[in-house]
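Student: Could you take me through a close look at one part of this structure, please? I'd like to follow a single side chain outward into its surroundings.

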Amino acid sequence: MNAHQSEIDRLIEQFDPESSFRRLAGIAALFVTVVSVGLSAWHYYTAGFGLENEIAHRAIHLAVVLGLVFLVFPRPKRLGGPWEWIVSIGLATFYLLMGWELIQATSDPIPTSAKLIFGIVLLAIAGLSLPLRAYDGSHKHIPLRDWVFAVLASGFSLYLLIFFDTIFLERPGEHTPIDLMVGVIAIAMVIEATRRTMGIFLPLLAIATVLYGIFGPYLPGGLGHRGYSVPRVVAHLYKGTEGIYGIPVGVVATFVFHFVLFGIMAQLTGLGQLFVNLATIAAGRFAGGPAKVSVVSSGLFGMISGSPIANTVTTGVMTIPLMKKVGFSPRFSGAVEASASCGGQVTPPIMGAAAFIMAETLGIPYNQLILVAIIPAALHYFAILFMVHLEARRLKLSGMDPAEIPSLSKVLKSSWHLFIPLVVMVTLLLMQYTPFLAAFWGITLTVLTSWIPKLLGPWGKGMTGMTVGPRALIQGFEMGAKSALGIGAACACVGFVLGITTLTGMGFKFSAWVIDLSGIAAQLVLQFDVFGWLQLNQVTILFGLFFTAIACIIMGSGVPTTPTYIILAAIVAPALAQLGVPQLATHFFVFYFGVLADVTPPVALAAFAAAGIARSEPMRTGTTAFRLSMGKALVPFAFVYTPALLLIDFTWGAFLVATVSAIVAVMGLGAAYTGHFGHRIRRPAFLALNVFSLSLIFGNAMVAAVSIPVVLAILWWHRRAGREAGEIKET
């Protein structure tokens with residue numbers, strides 16, 4: 001177990017920047033523990049006994065979170081050679097220019113002393129952000145540089161809290177030079193905190209949007225807009241409700257943090273191992289058992305972990321060696337784990353953190369969102385299990401040894417108490433109680449039920465799970481806070497994108513580009529439609545979905561699911577809405593493809609983490625993981641064309657046609673890209689399966705009446721041929 005934990009820690013540090021914590025010791029470790037536990041305790045209390053004023057609550061949350069970021073996370077070293085210096089100098093220059101332009105553009109007189117202090121602070125931030133010293137990830141202490149950053153990162157939120165009445169009640173809408181100077185510091189520290197936890201892509205995107213807001217008049221064509229002064233941009237991002245303290249930080253502070261804390265506490269008591277045991281019982285005896293166990297356990301575990309990479313690593317250290325042992329190649333073993341681990345984000349009843357933001361953005365109850373997500377999630381897992389089954393049959397692999405499969409009665413007898421918090425929490429969500437209250441009772445019952453084996457005395461003998469005493473409670477609260485730091489910083493940074501989008505209408509401009517490009521592509525295709533079978537609107541939507549999917553994968557590369565979804569919902573989703581796609585379908589579409597970025601090369605972090613465990617080539621593992629996720633790539637197209645899959649404009653006829661069509665399409669594409677269905681699938685059959693399977697996404701009953709029999713006939717023929725000639729060896 002220690003070896004497993006050591007491997008988990010190493011891989012998480014390598015591939016998941018959100019969880020690459022310092023290994024502190026001494027007074028620094030004690031201080032971080034006290035603050036982290038305090039942050040978790042405060043969120044736990046507010047979840048059960050009431051929240052603060054909205055802005056105050058978000059400011060308190062961000063003050064502690066961003067301060068802790070610089071104490072917990074070392075300065076990353078992810079860029080080689082001169083690039084680290086080039087990027088760092090670029091960021092430092094941006095901070096200084098923002099400060100200089102603010103001073104020049106502010107009409108109110110600014111005291112010389114204030115200018116001097118402001119200049120010193122900005123120079124300190126710019127200088128300390130440079131990579132002047134070697135990577136300090138192995139240090140057990142906190143450098144002075146990071147103590148300075150921690151104070152500044154906490155300071156801009158504390159400024160709002162201390163002068164709350166003056167700023168928001170006595171002079172609402174009025175921005176003093178001091179307010180704006182603190183706002184520039186806030187922008188710099190949010191960028192540095194996000195860079196520290198997420199890498200460089202998201203900060204560069206945030207800076208690009210800020211510059212876009214300022215230099216609008218100088219941009220060509222449709223890119224241009226009226227432009228906004230530096231003071232206006234700073235005030236909008238710092239003091240407005242659509243910037244740093246916008247909906248993303250609000251959802252993290254009220255929903256996401258609590259569920260991250262619940263997930264950590266639940267893992268502490270042994271819920272993760274229970275999921276693995278149940279998955280082994282359900283799928284272990286079938287062909288390619290360990291791979292199917294990986295799919296099922298990763299789906300269950302992913303619901304509470306919230307991170308595809310952490311999910312991949314935590315379950316992968318157990319499932320990937322078992323897959324290799326029974327005969328799967330290292331590449332395929334890693335790909336199965338990565339693809340399955342990305343499914344937890346879209347799997348009800350406890351989906352990833354982005355689901356709470358989706359519910360808040362769309363203004364729909366969370367319990368309704370759970371129901372809507374059932375069919376798409378089921379299709380995703382059916383696709384992976386189906387392709388795993390085909391691969392196992394191709395390799396003629398058997399299931400797990402019966403001796404390795406635990407007894408259901410023994411598992412339930414030893415672990416039944418671990419279900420109580422999960423069941424209660426899901427029940428409260430379905431009863432439309434607030435998510436943070438559901439999380440409050442989930443955390444409370446996780447602690448209380450962990451004591452059941454001890455309280456039962458002799459009758460509790462043989463029951464599993466760790467008892468959460470004071471030491472374990474502190475450990476869980478500390479890890480819960482640390483695990484939420486990365487997403488907190490990222491959502492504050494995403495506030496820049498949302499703020500500038502609302503200020504400039506950037507989302508509508510992107511929509512116009514997508515619609516124009518889709519229309520041009522559709523017109524070109526229709527020139528070859530000599531029979532008049534295609535409709536302009538349908539083809540335009542198809543290209544719009546295709547271009548949007550590409551944008552989602554690019555923007556989601558290397559960025560966690562939650563900030564990815566927020567960016568896509570603001571910039572990309574409006575394009576689909578203007579094409580006539582229902583709003584719920586547009587958000588699910590960008591959500592699914594944002595998640596898919598974690599297994600899409602060239603930046604497929606979940607697949608790369610799995611490749612590290614499997615000892616396989618990362619890029620090939622990522623390619624195979626994307627192939628296994630073909631069902632997830634197909635499903636969003638299906639529910640856009642047939643919203644009945646999302647219970648939109650629901651009729652049983654449309655729902656049944658769409659469901660059967662989606663299942664057959666998944667089977668056809670799964671067989672085509674596995675290259676085997678009892679017999680090798682050659683080029684003509686491969687092309688036919690692609691054409692007729694893809695035609696099923698349109699949800700047209702007439703098309704389904706033709707395509708479904710064709711796909712099933714091709715599969716039946718190959719299965720029959722396979723009974724006579726079953727060669728097949730691993731490629």
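Tutor: Let's start at Phe496, which, leaving aside its neighbours within four places in sequence, is in contact with Ile187, Val190, Ile191, Ala206, Thr209, Val210, Leu237 and Ile244. Keep in mind that this is a predicted model. Phe496 belongs to the largest nonpolar core, a set of 243 residues, and together with Ile125 and Phe588 touches the most other members. Helix H22, spanning residues 470-504, supplies the largest share of this core with 17 residues.

For a buried spot elsewhere in the chain, try Ala575, found in helix H26 (residues 573-578). Ala575 counts as buried because its relative accessibility is 0%, with the cut-off set at under 20%. Beyond four places in sequence, Ala575 is in contact with Ser511, Val514 and Ile515. The C-alpha atoms of Ala575 and Ser511 are 3.8 Å apart, although 64 residues separate the two in sequence.

Now turn to the surface. There, Leu371, Ile374, Leu647, Phe650, Trp652 and Leu656 form a nonpolar patch, together offering about 600 Å² of accessible area. Helix H17 (366-394) and helix H31 (652-674) are the elements that each give two or more residues to this patch, and Leu656 is in helix H31.

Finally, a word on confidence, since you may want to build on these coordinates. The chain has a mean pLDDT of 83, with 93% of its residues at 70 or more. Over residues 727-731, however, pLDDT stays under 50, and the model has 15 contacts beyond four places in sequence for that stretch.

Methods:
Residues numbered from 1 in each chain as written. Predicted model: local features only at pLDDT ≥ 70, side-chain atom pairs only at ≥ 80, totals over all residues. Heavy atoms only, no water. Helix = DSSP H or I, 4+ residues; strand = E, 2+ residues; numbered from the N terminus. Buried < 20%, exposed > 50% of the residue type's maximum accessible area, 1.4 Å probe, protein only. Contact = heavy atoms within 4.5 Å. Core = buried A, V, L, I, M, F, W, Y, C linked by side-chain atoms within 4.5 Å. pLDDT = per-residue confidence, 0-100. Patch = residues over 30% accessible without salt bridge, like charges linked within 9 Å, V, L, I, M, F, W, Y side chains within 5 Å. Areas by Shrake-Rupley, 256 points an atom, 1.4 Å probe, with all protein chains shown as cover. Salt bridge = Lys/Arg side-chain N within 4 Å of Asp/Glu carboxyl O.
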